[in-house]
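Q: I've got this model open on my screen and would like a close look at one helix, then a walk outward from there to whatever else stands out. Could you take me through it?

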Amino acid sequence: MEHNDRKTQHYKRTIFKLFACLFMLVMLIGFETFFVCCHTLWRQPGNTNRQPVTSISTAITPLWQPPAVTTIPAGEKGTAILYGQALIAATARYLGPKGSVLHISNGMNCQNCHLRAGTKPFGNNYSLVAASYPKFRARSNSSESLNKRISDCFERSLNGIAPDSTSKEMMAIKAYIEWLGSEVKKGEQPEGAGIKKVALLSRPADMDKGHKVYTQQCQSCHGASGEGVLHTDGTVYTYPPLWGPNSYNDAAGLYRLSNFAGYVKYNMPFGVDYDSPKLTDEEAWDVAAFINSQPRPHKDQSADWHDIKQKPADFPFGPYADNFSENQHKYGPYKTMQP
Ligand code: HEC
Ligand code: HEC
């Protein structure tokens, strides 16, 4: 009898244990299902229409890329291309005030404004140049050769003298720029070419606000007086000047506020890319107004813009075909003006 009792108790305990186990198992499965569900919901909050990633990436036009370096031919042509690249990247080492070849420019490098030797997306790159020159330009009222366009930047942005058209240096710069753009067809507009435009403001660009932007976001590299910082060897700038005697002159492309704002918004402070700007549109226009109101070399440009109707709205010197003041042409607002 006693034996039977113990047996029944034993069975009862075993059954209880089994039920307890089963209960735990059900609870575990329940919890897990609950957490997995929550987790999935958390990751896709209310989004039942998710597109597969591939369809998003195919919708974006790929950015222009320079040709692969393996396309640089061997021999004389390849040597010229590589010398041209070096001249663009470190112009001052060859052609600056302490240059090893000639002393014909202000110490800046072409690359200071045509970033990564003219290859950076929206970093004022040369993607379009080879396919678009010779081209008619209203500034000179003539069909400009590539030679003429390069000379312009030497005389204005580098406030200097252009190398002779038959020189090894000019031939090399042309060879490099032609190679860079060799995969772009005439009439094609590659994504990321040149300088990205910044939306126009409905007020004039404000140099006092721009001064604050400069102090906070630019001065640490470009200096309190915009003078830049020379490399310790005294030949080339580590941080190029933004105004003063060694900067671009008032006939340069950057002296126009729209070019300056577009270049700076998508490239400065140094390290910024077109898809990660730090400055707002207003800050870009205002800092452009501040910097382009500081003293810099002057170049006689009375022969430019033969047809004054062709002057861009932000060209800062009269006479104009419209009645807006020189001040409004320099600082805006441009919204009501002809483009
Ligand atoms: C201070 C800045 C600056 C420097 C330095 C500079 N450039 Fe430029 N360059 C510009 C700007 C801005 C433009 C666009 C101007 C415009 O659209 O009006 C430009 C345009 C050009 C173009 C025509 C681009 C096109 O798509 O039509 C060429 C070619 C060029 N530069 C070559 C050079 C070379 C070569 C050097 C060095 C010797 C140089 N630049 C130095 C600012 C600069
Ligand atoms: C971290 C350092 C740094 C800061 C901060 C910085 N820059 Fe620059 N900036 C550079 C360097 C370096 C270059 C030249 C790039 C090259 O040669 O590759 C340059 C080039 C430029 C140029 C073209 C060349 C010239 O001298 O005209 C302009 C314009 C410019 N910066 C404006 C600005 C403005 C405006 C700001 C503030 C919003 C700014 N930078 C902040 C480092 C800096």
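Q: How much of α12 is buried, and what do its buried residues pack against?

A: In this predicted model, α12 is mostly covered, with nine of its eleven residues counted as buried. The buried set is Glu-283, Ala-284, Trp-285, Asp-286, Val-287, Ala-288, Ala-289, Phe-290 and Ile-291. Their packing partners are three other helices: α9 (207-217), α11 and α13.

Keep going along the chain from α12 and you're in the loop that joins α12 (281-291) to α13 (326-331), which is where Pro-319 sits. The peptide bond between Gly-318 and Pro-319 is cis, with omega at about 0 degrees. There's another cis bond to look at, running from Gly-332 to Pro-333, with omega near 5 degrees. Pro-333 belongs to the segment after α13.

Now for α11, one of the helices that α12 packs against, because it leads us to a ligand. Ligand 2 has 23 residues around it, and the closest are Cys-218, Cys-221, Pro-240, Pro-269 and Phe-270. The elements that put two or more residues into that shell are α10 (219-222) and α11 (257-265). Of these, α10 gives the most, with three residues. Sorted by class, the shell comes to 17 nonpolar and six polar residues, with no charged ones. Domain 2 (69-180) and domain 3 (207-331) both give residues to the shell, so ligand 2 lies between them.

Pro-240, one of the closest residues to ligand 2, is worth a click. You'll find Pro-240 in the loop between β4 (237-239) and α11. Pro-240 is buried, because 24 other C-beta atoms lie within 10 Å and the cut-off for buried is 20 or more. Leaving out residues up to four places away in sequence, Pro-240 touches Met-108, Asn-112 and Gly-228. Val-229 is eleven residues away from Pro-240 along the chain, and their C-alpha atoms are separated by 6.5 Å.

Then there's ligand 1. Its shell also has 23 residues, and the ones that come nearest are Cys-110, Cys-113, Cys-153, Ser-157 and Gly-253. Here α7 (146-155) and α8 are the elements that give two or more residues. The largest share, four residues, comes from α7. By class, this shell divides into 14 nonpolar, eight polar and one charged. Ligand 1 lies between domain 2 (69-180) and domain 3 (207-331), because both of them give residues to its shell.

From α8 you can step across to α3, since the buried residues of α3 pack against α4 (91-95), α5 (115-118) and α8 (168-180). Those buried residues are Ala-80, Ile-81, Gly-84, Gln-85, Leu-87 and Ile-88. They cover an arc of only 160 degrees around the axis, so they sit on the same side of α3. If you're wondering about the spacing, an α-helix has 3.6 residues a turn, so residues three or four places apart point the same way. The length of α3 checks out too: at 1.5 Å a residue, the 14 residues from 76 to 89 should span 20 Å, and the end C-alpha atoms are 20 Å apart, which agrees.

One of the helices that α3 packs against, α5, holds a backbone oddity. Ala-117 is in helix α5 and has a positive phi of about 55 degrees although it is not a glycine. Ala-117 counts as buried because it has 22 C-beta neighbours inside 10 Å. Asn-141 is another non-glycine with a positive phi, also of about 55 degrees. Asn-141 lies in the loop between β1 (135-137) and β2 (142-144). With 13 other C-beta atoms within 10 Å, Asn-141 is partly exposed.

Zooming out to the whole protein, the secondary structure comes to 13 helices and four strands. Of the 339 residues, 33% are buried. As for contacts with a separation of 6 or more, 65% of them are between residues 24 or more positions apart.

Key: Residues are numbered from 1 along each chain as its sequence is written. Chains are lettered from A and ligands numbered from 1 in the order in which they are written. This is a predicted model: local features need pLDDT of at least 70, side-chain atom pairs count only at pLDDT 80 or more; totals for chains, interfaces and linings use all residues. A residue is buried if 20 or more other C-beta atoms lie within 10 Å of its own, exposed if 12 or fewer, and partly exposed in between; C-beta atoms are placed from the backbone. Two residues are in contact if their C-beta atoms, placed from the backbone, lie within 7 Å. A residue is near a molecule or strand if its C-beta atom, placed from the backbone, lies within 6 Å of it. Ala, Val, Leu, Ile, Met, Phe, Trp, Tyr, Cys and Pro count as nonpolar, Asp, Glu, Lys and Arg as charged, and the others, Gly among them, as polar. Domain bounds come from an automatic or database domain assignment. The expected span of a helix is 1.5 Å times one less than its number of residues. The arc is that of the directions from the helix axis to the C-beta atoms.
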